[in-house]
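Work through the following exercises with the sequence and the coordinates open, and try each task before reading its solution.

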Amino acid sequence: MNFFETFTSALSNLTSNKLRSGLTLMGVVIGVAAVIAMSSIVEGGKSMTVSMIEKLGTNLLSVRPKNLTEEEQRAFTGRSKGLRYGDYNAIVESLASTNKITPITSSRIQIKQEDRNESAMVEGVLQTYMEIQNYEIGRGRFIMSDDVTGFKKVVVLGKEISEKLFGTSDPLGHDIKLGDHRFIVVGILAEKGALHGINYDMTVVIPATTLMKLFLGNDLLTSIVIKVDARKKMKQVSDTISAILLQRHNGVEDFSIRSQDQLVRNVEMIVFTFKIIFGGTAALALLVGGIGIMNIMLVTVTERTSEIGLRMAVGASRKAILTQFLIESIALSAVGGIIGIIVGTLLGSGFGWLANKAIDGWNSVVLPSSVFLGFFFAVGVGVAFGLYPAYKASQLAPAEALRSD
Amino acid sequence: MGAVAVNALYPIDLAIKQGESVSIVGRSGSGKTTLLYILGCLSLPTSGEYLLDGTSVSSLSDVAMAKIRNQSFGFVFQSFHLLPRQTALQNVALPLFYNGTSKEERLSRAQDALEQVGLSNRGNHLPRELSGGQQQRVAIARALVNRPKIIIADEPTGNLDSKSGDEIVELLLGLNGKGHTVILVTHDTEIAQRLTRKIMIADGKIVQDI
């Protein structure tokens with residue numbers, strides 16, 4: 001028995017009945033194409049999201065105040081004052097030697113520039129903000145420590161909001177009004193994009209001290225962001241922060257610590273769910289394809305009973321017959337798999353093109369693993385559904401089979 | 001197909017020696033083909049014993065039976081049983097595929113066998129491009145290719161005109177002359193006369209053995 005020769009003769013048997021083979025292949029083609037097209041588009045979405053998350057900065061932890069239920073509020077009255085600037089100082093004291101930390105405070109403020117009016121979430125920040133949040137300065141400069149210590153009225157604008165306020169004219173050095181106060185534009189941030197409904201190009205930042213003094217009247221923080229120096233220390237740092245804050249807040253857990261890893265994991269979870277759904281659909285198509293293969297192989301065995309008898313008469317063992325028909329069904333499904341891979345890749349890039357029109361940066365990504373998986377499953381279907389017909393062929397009695405025509 | 005045993009043959013005592021040419025004659029349904037298939041190891045008797053070269057066949061495994069069919073027997077059938085999509089040469093080479101002969105040797109031996117049956121220039125033709133007589137000669141070449149001791153022919157002339165039929169019988173007798181044992185089933189008594197021994201079967205019993 002020679003595998004290669006059996007395989008080529010199986011292929012020639014397939015081509016001798018092209019329409020029938022083609023129709024039989026269809027189920028496998030659809031199944032494999034679905035796997036590849038769907039996973040390529042989901043993967044594309046994932047890689048876009050993950051790269052955006054990474055663009056926000058890596059190894060970030062963010063501490064935010066947690067909304068308490070009324071019941072909790074009543075129980076905790078007077079015990080905790082919420083997330084404050086003092087908490088930032090305490091974290092800096094114990095963690096700043098190896099990690100970078102920055103506090104953020106914010107307030108919605110009406111911005112006026114001549115006759116243009118924008119309502120924006122203005123963030124009060126320190127000079128450390130830019131590096132940790134992974135912004136880059138486009139023009140001018142960022143907030144500096146002198147601005148913070150001197151309660152200066154300076155503002156740095158995101159690219160999009162600066163265009164909204166100033167159009168084509170140069171904002172640098174110009175006055176704008178934040179509420180009732182005049183601020184000088186000292187810098188424009190480089191373009192950064194949007195993620196999960198947050199447009200990072202609409203950012204407006206002023207010194208944290210200025211915001212607290214002029215607009216908030218308190219030192220409550222919106223968040224504290226920590227850039228951990230190594231990914232594997234994320235958990236440890238998070239635990240340390242939690243311990244510090246619990247102590248300072250008299251045991252009240254009115255804050256939450258989220259890591260970017262978690263964000264990535266959430267995305268991966270969603271992607272995984274999608275893959276399960278698509279995988280299930282594709283599995284159904286493959287199942288139908290497999291039934292088609294089994295059906296046609298049973299017909300083939302019946303049609304070729306006398307050939308089987310003859311082969312047995314000239315010395316084919318039952319195993320040789322089994323192998324021959326199994327290889328034929330594998331050839332059938334493998335060809336279906338290959339066509340499916342091609343169709344799926346084309347469909348995937350077609351979808352990718354459409355997705356890219358809808359959301360910039362969303363392309364289709366055909367993973368080698370999904371190609372292998374698709375092909376592997378196609379061949380698996382050939383084996384699984386070819387086994388019974390091949391077994392049936394091998395169990396024919398030579399004398400009966402020879403008399404069949 | 002149920003599991004009902006049909007008595008196609010009644011107990012028979014029969015010995016065939018090497019080098020004989022034996023005809024088995026009888027009407028259709030007489031059991032002659034059943035006997036032939038047992039002799040050719042294509043089916044096993046439900047009872048009784050068949051010794052081939054002194055070895056009982058009933059106890060052999062499927063693989064061993066396949067090997068015996070491959071090496072000891074060459075079969076010729078009434079309906080030729082050629083694979084329609086393979087050339088004459090490929091058809092002749094088929095038995096060698098199942099004993100691991102290299103492709104080169106398969107084709108050269110198949111060409112030799114085609115020469116023996118006078119079809120050396122028809123090797124690349126498909127069966128449907130050949131006449132009935134030529135197809136049967138291809139089948140004989142296939143029976144020969146593995147140099148078996150015994151050639152078993154089941155109504156080899158049944159689908160042929162009398163001239164082609166004669167040629168086929170001549171060919172088979174010639175093989176017998178070269179030392180192959182020939183066992184031939186026919187209902188044509190004239191053909192049967194030309195072989196050295198005639199066994200007549202009726203209703204599953206040997207009624208004549210001369």
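**Exercise 1. Find the residues that Val383(A) touches outside its own stretch of sequence, and place Val383(A) in its element.**

Leaving out residues up to four places away in sequence, Val383(A) is in contact with Leu326(A) and Ile330(A), where contact requires that the C-beta atoms, placed from the backbone, lie within 7 Å. The C-alpha atoms of Val383(A) and Ile330(A) are separated by 5.9 Å, although their positions lie 53 residues apart along the chain. Val383(A) belongs to helix H13 (residues 368–394) of chain A; helices (H or I, at least four residues) and strands (E, at least two) are DSSP runs, numbered from the N terminus. With 15 other C-beta atoms within 10 Å, Val383(A) is partly exposed, given that 20 or more such atoms make a residue buried, 12 or fewer make it exposed, and counts in between make it partly exposed, with C-beta atoms placed from the backbone.

Before going on, note the conventions. Residues are numbered from 1 along each chain as its sequence is written, while chains are lettered from A and ligands numbered from 1 in the order in which they are written. The model is predicted, and local features need pLDDT of at least 70, side-chain atom pairs count only at pLDDT 80 or more, and totals for chains, interfaces and linings use all residues.

**Exercise 2. Describe the surroundings of Gln113(A) and of the helix H7(A).**

Gln113(A) is found in strand E2 of chain A and is partly exposed, having 19 other C-beta atoms within 10 Å. Apart from neighbours within four places in sequence, Gln113(A) is in contact with Leu165(A), Phe166(A) and Ile176(A). By contrast, Gln113(A) and Phe385(A) lie 72 Å apart from C-alpha to C-alpha, with 272 residues separating them in sequence.

Turning to helix H7 (residues 159–166) of chain A, its residues Ile161(A), Ser162(A) and Leu165(A) are buried. The buried residues of H7(A) fall within an arc of 100° seen down the axis, so they line one face of the helix; the arc is that of the directions from the helix axis to the C-beta atoms. The elements that cover these buried residues include E2, strand E3 (116–125) and strand E5 (154–157) of chain A. Just after H7(A), Gly167(A) has a positive phi of about 65°.

**Exercise 3. Which strands pair with E11(A), and is E11(A) enclosed or open?**

Strand E1 (residues 60–65) of chain A is joined to E11(A) by four bridges and runs antiparallel to it, two strands being paired if DSSP finds at least two bridges between them. Within this pairing Leu61(A) stands opposite Ile226(A). Strand E2 (residues 100–113) of chain A also pairs with E11(A) in the antiparallel sense, over five bridges, and here Ile104(A) has Ser223(A) as its bridge partner.

Five of the five residues of strand E11 (residues 223–227) of chain A are buried, so the strand is largely enclosed by the rest of the structure. Ser223(A), Val225(A) and Lys227(A) are buried on one side, and Ile224(A) and Ile226(A) are buried on the other, which leaves both faces of E11(A) covered.

**Exercise 4. Characterise the side of chain B that touches chain A, and the part that H2(B) plays there.**

In all, 20 residues of chain B are in contact with 18 residues of chain A. The elements giving two or more residues to that side of chain B are helix H2 (62–72), strand E4 (73–77) and helix H3 (88–97) of chain B, and the largest share, six residues, comes from H2(B).

Within H2(B), the buried residues are Met65(B), Ala66(B), Arg69(B) and Asn70(B). They cover an arc of only 135° around the axis, which puts them on the same side of H2(B). These buried residues pack against helix H11 (305–313) of chain A together with E4 and H3 of chain B.

**Exercise 5. Compare the settings of His81(B) and Arg147(B): buried or exposed?**

Most residues other than glycine have a negative phi. His81(B), not a glycine, has a positive phi of about 55°, and it lies in the loop between E4 and H3 of chain B. His81(B) counts as buried, with 23 C-beta neighbours inside 10 Å.

Arg147(B) likewise has a positive phi, near 50°, and lies in the loop between helix H5 (132–144) and strand E5 (150–154) of chain B. Arg147(B) is exposed, with 11 other C-beta atoms within 10 Å.

Conventions:
Two residues are in contact if their C-beta atoms, placed from the backbone, lie within 7 Å.
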